[in-house]
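Have the model open while you read, and turn it as we go. We'll walk from one chain to the other and stop at a few places worth a look.

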Amino acid sequence: MHRFLFAALSLAFFLAPAVRAEEANVSVQLVSEQARIAPGQTFTVALKQTIKPEWHTYWANPGDSGTPTAIEWKLPAGAKAADIQWPAPARIPYGPLVNYGYGDEAVLLIDITAPADLQPGSNFALHGDVQLLVCKDICIPEDATVSLNLPVDAKPQANASAAKLFADARTKLPSKSPFAARIATSGTMVRIAVDTGDARQLRDVTFFPVQPERIDNAAPQKISASASGLTIELKRAEGAKPDNAALEGVLTFKDESTGKDAAMRAIQFTAQPGMVAAASGGTSTLGFGEALLFALLGGLILNLMPCVFPVLSMKALSLARGAQGDAAHRRADALAYTAGVLATFTLIAGVLLALRAGGAEIGWGFQLQSPLVITALVYLLFAVGLVLSGVVSVGEGLAGMGSSLAARGGLVGSFFTGALATVVATPCTAPFMAGALGFALVQPTPIAIAVFEALGLGLALPYLLLGFVPALARVMPKPGAWMERFRQFLAFPVYATVVWLLFVLQAQSGPIATTSVLAGIVLIAFAAWAWDAAKYASTRGRMVGATVAIVAIGAALFLVRGVDDEAAATPTAAATASDTVKWQPFSQARLDALLAEGKPVFIDFTAAWCITCKVNETVALTSDVAREMEAKGVVPLRGDWTKRDAEITRVLQAHGRAGVPLYLYYKPGSREPVVLPQILTTESVRSLLQSS
Amino acid sequence: MRTWILAGIATLALTGAAQAQTFGQGVAVGAPAPAFTAVDVNGKSVNLADYKGKTVVLEWTNNGCPFVRANYDSGAMQKTQAAAKDQGVVWLTILSSAPGTQGFLTADQAKADIAKEKASPTAYLLDPDGKVGKTYGAKTTPHMFVITPEQKIAYMGAIDDKATAKASDHPAAKNYVTAALQNLAGGKAPDPASTTPYGCSVKYAGQS
């Protein structure tokens, strides 16, 4: 039943002399899995191509050139032929081009459904006109007619001699992927994440796009395997739309966890738009040990960042008080503070990871993207400020500020100081920290939590040292009357923090909500006064004072109702008064359009609550830089992450970051950005602009 | 300022620019058409910039490629060329086959080929080192580009909607280049502005 293929006779006359029409480069053969078929039966046939060495035929998506094999069926009335089931292809490089196809042998499977009204004893005839393109250094279209004549029988019978052919062919068919896959496009980079679980034993991983013209076929594929899955970094095809549509693809790999000589496997999936973290294990990302070290250093440096200062000032005060205490108490105090820091980091990291696991596109600093959290911090810090100012004295103060340094109250206070320090520290990103957190967010939960814990340990480290190294404690100044005044002074940085939080709130929720919260502050001050005024009164007087205080606080909380994320005004971080650079709002579409024109682009990813961002914008992105940008025709874009923004989160992820700030610079005509450090100086920015 | 000290501490490495990948880099619909100069079959140097103010069509060819053959043997390509030239469009046929590969022609052979095919390009450019082809990311023969008078890419992709090497398919096919030129003449953007090019791979040097 073998039919051999002939080159198209009509074309043979015109072909170059090297092409011999009489000698086909591919022989095709049609084989049925059933020796006898039943009426109405759906059965499978195989189109087996035997291809001359070094020649190739093509997959459904042929890649940069080529044409897939096509079969035009001529079947009896009522019979149906399904689409070709394509075996997983191979990459066929060709100079600067890459095609997808088959060498040596390819078996294409097709399901045929026989009509139900076939008469047993009759014959079922299949005819197919096969057109295929076969290429080596040159391409030749060849065609052939294949046919089969199958007896119809009430009892179908398998074709035993073809069993192996079909079994082998089916191992080469991509199976439906049991793993979820996501796609994220950033500039010209396309990342696909496949949740295979531990992928570190997978070898020879290759991705094949089913849709043409989406992926640059010839660009190298960067595969990263981690304990949680695979990340495949691809390049967007030139001229492809810069959108992030779902992409269907086939993935081939060897799973060496099942043995060194594991067979090639192929799975097929549709990657849905979603978040894909930067590939781990690549050159720009960290290993676990490095991430831990960077997190520890980042935490340590965090102590010097402006947002943590007010809380640390309180801690410094309690240390000064504790300096004269006994060593055991100092140690207990340091441990309580550390525990507070670590517990809070674990809590925030846990919530963050859980929300991300649920599909939320959020990153580090997400807590401060909620106006309710900001409001709670405003109230809390304002109350702490009142305590420091002495408006109200709290015996066992929240922050351990009370007049009595009773051991128990002091420890609880230290714990909460640690918690507070952590929450207030989140808007600051310190050097080293961003890389570590970017790493953490793409790791399995225990590893991610470990990185967060290392960060917390770094934050708490100076106090641990003070607690455990007596020599250091002795250097602390002697307590005395100055401490009262120092305590009152420390209220001012705390009030300043409240003002800053109100600025953030105003950017998120607009002036009405901010005014409500300002009124709430007055109520809290009133509650503090009522409480304190009644402190030395009769029992009944104290009751009245406490009731008034509780009602006032209740009213302050009631006002929070007005704080609504939905009613929010447009975030204003994009247009603060001190701006000298003429920022335009960032969008991926705008960026792609500018890059397509070959324009240089500087992007500032910022947020109203990000102090590091604000410092950079004031200190480094000065009018000098603005002039430099204008002179060089650099288009400045600003991405405002004050509120949740999935598009910006994706860009941050693509650069291995968990939060802002992030500064990117695209040189003229370049589609690969330079990533600037998180701490900018005017000089560093200017020299970068001048270098291009 | 603390920040300045921290700037010193911050030793985060800059991500290096990606490896140079020049093949078709930056060629996209709406993007500027990359400049090029090439020598034509008469030994004359042709510069794309010379045609500023005119619509330009680039056609990658290889007379041994069955897909190119089908388009010429049916007369479809010559018809498209002639119609374009009647509208004042500049038609540049470009041959990027490297010496020793399919379709490579010397200047004289190419001249003879133009005559034999009764083709009428404004110029037939020889690109044996594949420089122009690689700049544009020309993948197949025939691979077509339409460039606006402002020298931006208006269309890139296939010549028509019949990705076959069968001559009889092409005269009746929907010709994307003809449609793109019509739209441009009417002040509209081509639709589609981009299609998947079909055909043989361009026979660049350094292949098997």
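UniProt, in an unreviewed entry, lists "transmembrane region" for residues 291–313, 334–356, 376–399, 411–441, 447–469, 489–506, 512–531 and 543–563 of chain A. Those positions follow the numbering used here, feature names are shortened, and such annotations may be inferred rather than shown by experiment. Keep in mind that this is a predicted model: local features need pLDDT of at least 70 and side-chain atom pairs count only at pLDDT 80 or more, while totals for chains, interfaces and linings use all residues. Residues are numbered from 1 along each chain as its sequence is written, and chains are lettered from A and ligands numbered from 1 in the order in which they are written.

Take two of those listed stretches. Residues 447–469 of chain A are 96% helix and 0% strand, with the end C-alpha atoms 30 Å apart. For residues 489–506 of chain A the figures are 100% helix and 0% strand, and the end C-alpha atoms sit 27 Å from each other. Helices here are DSSP runs of H or I with at least four residues, strands are runs of E with at least two, and both are numbered from the N terminus.

Now look at how two helices of chain A meet. The axes of helix 11 and helix 12 (residues 539–559) of chain A come within 8 Å and cross at roughly 170°. That crossing makes helix 11 of chain A roughly antiparallel to helix 12 of chain A, a label for angles over 145 degrees (under 35 is roughly parallel, 65 to 115 roughly perpendicular, the rest oblique). Axes are lines fitted to C-alpha atoms, for helices over the stretch in contact, and angles run from 0 to 180 degrees between N-to-C directions. On the helix 11 side of chain A, the contact residues include Gly520(A), Leu523(A) and Trp531(A), and on the helix 12 side they include Gly545(A), Ala549(A) and Leu559(A). Contact means that C-beta atoms, placed from the backbone, lie within 7 Å.

Which residues have the most contacts inside the largest nonpolar core? They are Ile192(A), Ala295(A), Val378(A), Ala436(A), Val451(A), Val57(B) and Val146(B), in a core of 236 residues. The largest share of this core, 17 residues, comes from helix 11 (residues 482–533) of chain A. A nonpolar core is a set of buried Ala, Val, Leu, Ile, Met, Phe, Trp, Tyr and Cys residues joined through C-beta atoms within 7 Å. Buried means 20 or more other C-beta atoms within 10 Å of a residue's own, exposed means 12 or fewer, and partly exposed is in between, with C-beta atoms placed from the backbone. Leaving aside neighbours within four places in sequence, Ile192(A) is in contact with residues including Ala181(A), Phe207(A) and Leu234(A).

For something less covered, try Lys136(A), in the loop between strand 11 (123–135) and strand 12 (139–151) of chain A. Lys136(A) is partly exposed because it has 18 other C-beta atoms within 10 Å. Not counting residues up to four places away in sequence, Lys136(A) touches Glu54(A) and Trp55(A).

Over to chain B, which has six helices and nine strands. Of its 208 residues, 50% count as buried. An open sheet of seven strands has the order 2-1-5-4-3-7-8 in chain B, with mixed pairing. Strand 2 (45–47) and strand 8 (153–157) of chain B stand at the edges with a single partner strand each, so one side of each lacks a neighbour in the sheet. Strands count as paired if DSSP finds at least two bridges between them.

At one edge, strand 1 (residues 37–40) and strand 2 of chain B pair in the antiparallel sense over three bridges, with Asn47(B) as the bridge partner of Thr37(B). At the other, strand 7 and strand 8 of chain B are antiparallel over four bridges, and Phe145(B) has Met156(B) as its bridge partner. Their hairpin has five residues between the strands, and there Gln151(B) takes a positive phi near 65°.

Is strand 8 of chain B mostly covered or uncovered? Five of its five residues are buried, so to speak a mostly covered strand. Helix 6 (residues 176–185) of chain B lies across strand 3 (56–61), strand 7 (144–147) and strand 8 of chain B, running at about 170° to strand 8 of chain B. Helix 2 (residues 66–73) of chain B is mostly covered too, with eight of its eight residues buried, and Gly75(B), with a positive phi near 80°, follows this helix.

Notes:
Contact = placed C-beta atoms within 7 Å.
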